[in-house]
Amino acid sequence: MFSVLCINEVRRRRLPRKCAVEALLSPVKGAAPYKVINVTPGKKGIDWRMVCLAAGCSSQSMLLPESVELPLSVNVARFEPQVMPLLIALNTAVSLCDEKDKHKRSMVVCDSKAVLADYLPRAVSYASKITVVTDCPEMYLECAAQIMEDFGAVIRICGQSDPAVAYDIAVSDKEKINADICVTADDVKRSYDKINFPDEYVRMCPPQIDIFSFICALFECSGVKKLTDVKL
C-alpha cells in the first residue's frame, strides 16, 4: 500500500489553530487500495506526527506535492519508483524488435537490484543471447532455470558489464550501453509524458501529485496488472 498527501489550501488569516488530518482508503479495481491523507495545515503548519500515524505502514511510501519539503526528523519517506521505469525500458526495447531475427541478436539487461527477474522471459522471443548484470545474482537464479526449462535458452548472469562488448539491445538502470537499441530507466523518466497511460488510472491522480510517480505506485504498491505492458 502507498499513501498520497493532499494539502487543503486555506488563507493564512483563516488557518485553524490545529492541523487537521483525515485518512481515507481509495479503492482500485482488481488491486489493493491506497490511502489519501487530507491535511489542513494549522497555524504551525503540518503536524507530521499526525500524518505519519494516519498513514501507518504506508508512511514509508508516500506521494507528496513537489513543493512540500519533508523535515528530517519525521518518519515519512517519499515513494521512489524502483520497478516500473526499468520495466517500461524493457518493454520499449523489445517493442522496437521483431521475433524473426532473434537468433542473431544479443541483449544485456543492467538491473542492479534485480527488479526485472519476473519479467525477463518476455525478452527471450527477441534475443538468443541474454546477459544480466546485477548486484543480486541470486534473485535471477530461479528465473534463469525457468527460462531454460521453458525455452531452452541460457541466461548469463554477471556482476558488471564489459564496456568493450557491443550488444544489439540494451536495457539499463541509468548508464548508456554500447548497443544498437539502448533504453534506460532515466530515458523513461524524462519522456513519460509520451506514454499513453490508461485513462482510468490517470483520472485517479490528485492534481498536486506527479502523474508518473502515481502510476508507478499503482503498479509497484497496489499491484495493478494492467500496467505491466506499458511502453514509450
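Trainee: Which backbone oxygen does the side chain of serine 61 reach?

Mentor: That of methionine 1, at 3.1 Å. Keep in mind that this is a predicted model.

Trainee: Okay, and where does serine 61 lie?

Mentor: Look in the loop that runs between helix H1 (48–55) and strand S4 (62–63).

Trainee: Is serine 61 buried or exposed?

Mentor: Buried means under 20% relative accessible area. Serine 61 has 13%, so it counts as buried.

Trainee: Which residues is serine 61 in contact with, leaving aside its neighbours within four places in sequence?

Mentor: Met1, Phe2, Ser3, Ala77 and Phe79. Methionine 1 also supplies the backbone oxygen we began with.

Trainee: Let's do strands. How do I read the pairing around S3?

Mentor: Check the partner and the direction. Strand S1 (residues 3–7) is joined to S3 by 5 bridges, and these two run parallel. Within that pairing, cysteine 6 stands opposite asparagine 38 in S3. On the other hand, strand S2 (residues 20–28) pairs with S3 in the antiparallel sense, over 8 bridges. Valine 28, for instance, has alanine 31 in S3 as its bridge partner.

Trainee: What sits between S2 and S3 in the hairpin?

Mentor: There are 2 residues between the strands, and glycine 30 takes a positive phi near 75° in this hairpin.

Trainee: How many residues of S3 are buried?

Mentor: S3 covers residues 31–40, and 7 of its 10 residues are buried, which makes the strand mostly covered.

Trainee: Now pockets. How do you find empty space at all?

Mentor: You roll a probe the size of a water molecule over the atoms, and that shows where empty space is left. Here, the largest pocket holds about 320 Å³ of space. It is lined by 17 residues, and the closest to its centre are Pro81, Gln82, Lys174, Ala185 and Lys189.

Trainee: Which elements give two or more residues to that lining?

Mentor: Helices H2 (84–95), H4 (185–190) and H6 (211–220). H4 gives the most, with 3 residues.

Trainee: And what classes of residue line the largest pocket?

Mentor: You'll find 7 nonpolar, 3 polar and 7 charged residues there.

Trainee: What about the second largest pocket, what is its volume?

Mentor: About 180 Å³. Its lining has 13 residues, with Leu64, Arg78, Phe79, Asp210 and Ser213 nearest the centre. By class, that lining has 7 nonpolar, 2 polar and 4 charged residues. You've met Phe79 already: serine 61 is in contact with it.

Notes
Residues numbered from 1 in each chain as written. Predicted model: local features only at pLDDT ≥ 70, side-chain atom pairs only at ≥ 80, totals over all residues. Heavy atoms only, no water. 1 Å grid on protein atoms, 1.4 Å probe; cavity = no way out; pocket = protein on both sides within 12 Å on 5 of 7 lines; lining within 4 Å. Points joined across faces, edges and corners; volume = space filled by probe spheres on them. Helix = DSSP H or I, 4+ residues; strand = E, 2+ residues; numbered from the N terminus. Nonpolar A, V, L, I, M, F, W, Y, C, P; charged D, E, K, R; others polar. Buried < 20%, exposed > 50% of the residue type's maximum accessible area, 1.4 Å probe, protein only. Polar contact = N/O pair within 3.5 Å; in protein donor to acceptor, adjacent residues only side chain to side chain. Contact = heavy atoms within 4.5 Å. Pairing = 2+ DSSP bridges.
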